[in-house]
Amino acid sequence: MKIPKSFEMMNRKISVTIKNSEYMNKANILGYSNLNIATDKSEIVIEKAPTSVIQETFIHEFIHLVFDVIGEKRLAQNEKLVVLMSQVIAQAIQTMEFDTKKKKK
Ligand SMILES: [Zn+2]
């Protein structure tokens, strides 16, 4: 799964940054997200890590934002729900098999 540099969620542009961050190191977190309705500066920030960890962190923060953007603040803050959903979705995405045969016209 490729990690995008940005995407839109309900017409809000979300930027995605992967970097080493002192803040995340100190807080002992792998990523965070902000949905900023006022400034249109919404973002997902992910700590540099092995690819599978970055992917799962991206999906984790993505789910937080989905609940935020649909106004489900309590679900967005339900860390257990978000962790379980991101693990299930990450495994499904990471194990997807595709038919690589090209279709003939
Ligand atoms: Zn979380």
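**Entry 1: the loop between strand 1 and strand 2**

I began at Met10, which counts as exposed because it has 10 C-beta neighbours inside 10 Å, and a residue is called exposed at 12 or fewer. I was working on a predicted model, and I read every value below with that in mind. Met10 has its place in the loop between strand 1 and strand 2, and I noted its phi near 45°, a positive value in a residue other than glycine. I then looked up Asn11, which is found in the loop between strand 1 and strand 2 as well, and which has a positive phi of about 65° although it is not a glycine. I wrote both down because most residues other than glycine have a negative phi. Asn11 also counts as exposed, since I find 7 C-beta neighbours inside 10 Å for it.

The two strands on either side of this loop form a hairpin with two residues between the strands. Strand 1 covers residues 6–9 and strand 2 covers residues 12–19, and I find them antiparallel, joined by four bridges. As one position to check on screen, I marked Glu8, which stands opposite Lys13 in strand 2.

**Entry 2: the sheet**

In what order do the strands of the open sheet lie? I read the order as 1-2-4-3, for four strands with mixed pairing. Strand 1 and strand 3 (31–34) are at the edges with a single partner strand each, so one side of each has no neighbour in the sheet. I noted an average twist of 20° from one strand to the next.

I next went through the pairings beyond the hairpin. Strand 2 and strand 4 (residues 42–47) run parallel and are joined by six bridges. Within that pairing I located Ile14, whose bridge partner in strand 4 is Ser42, and Ile18, whose bridge partner in strand 4 is Ile46. Strand 3 pairs with strand 4 in the antiparallel sense, over four bridges, and there I found Gly31 opposite Ile46 in strand 4. Helix 2 packs on this sheet and touches strand 1, strand 2, strand 3 and strand 4, with its direction at about 25° to that of strand 3.

**Entry 3: Ile46 and Ile54**

Having met Ile46 in two pairings, I listed what it touches when residues up to four places away in sequence are not counted: Ile18, Leu30, Gly31, Ile54, Thr57 and Phe58. Ile54 is found in helix 2, which spans residues 51–69, so I took Ile54 as the next stop, using the definition of helices as DSSP runs.

Is Ile54 exposed, partly exposed or buried? I have it as partly exposed, because it has 18 C-beta neighbours inside 10 Å and a residue needs 20 or more to be called buried. Leaving aside neighbours within four places in sequence, I find Ile54 in contact with Ile3, Ile18, Ile46 and Ala49. I looked at the contact with Ile3 separately: Ile54 and Ile3 are 51 residues apart in sequence, yet their C-alpha atoms are 8.3 Å apart in space.

**Entry 4: the nonpolar core**

Which residues make up the largest nonpolar core? I count nine in all, namely Ile14, Ile44, Val45, Ile46, Phe58, Ile59, Ile63, Leu65 and Val82. Strand 4 and helix 2 are the elements that give two or more residues to this core, and the largest share, four residues, comes from helix 2. For context I added that in soluble globular proteins nonpolar side chains tend to be buried together.

**Entry 5: the chain as a whole**

I closed with the overall figures. The protein chain has four helices and four strands, and along the sequence I read the pattern as β-β-α-β-β-α-α-α. The C-alpha atoms fill a box of roughly 50 × 30 × 25 Å along the principal axes. Of the 105 residues, 19% count as buried. Among contacts in the protein chain with a separation of 6 or more, I noted that 54% are between residues 24 or more positions apart.

Technical notes. Residues numbered from 1 in each chain as written. Predicted model: local features only at pLDDT ≥ 70, side-chain atom pairs only at ≥ 80, totals over all residues. Pairing = 2+ DSSP bridges. Contact = placed C-beta atoms within 7 Å. Core = buried A, V, L, I, M, F, W, Y, C linked by C-beta atoms within 7 Å. Axes fitted to C-alpha atoms, helices over the stretch in contact; angles between N-to-C directions.
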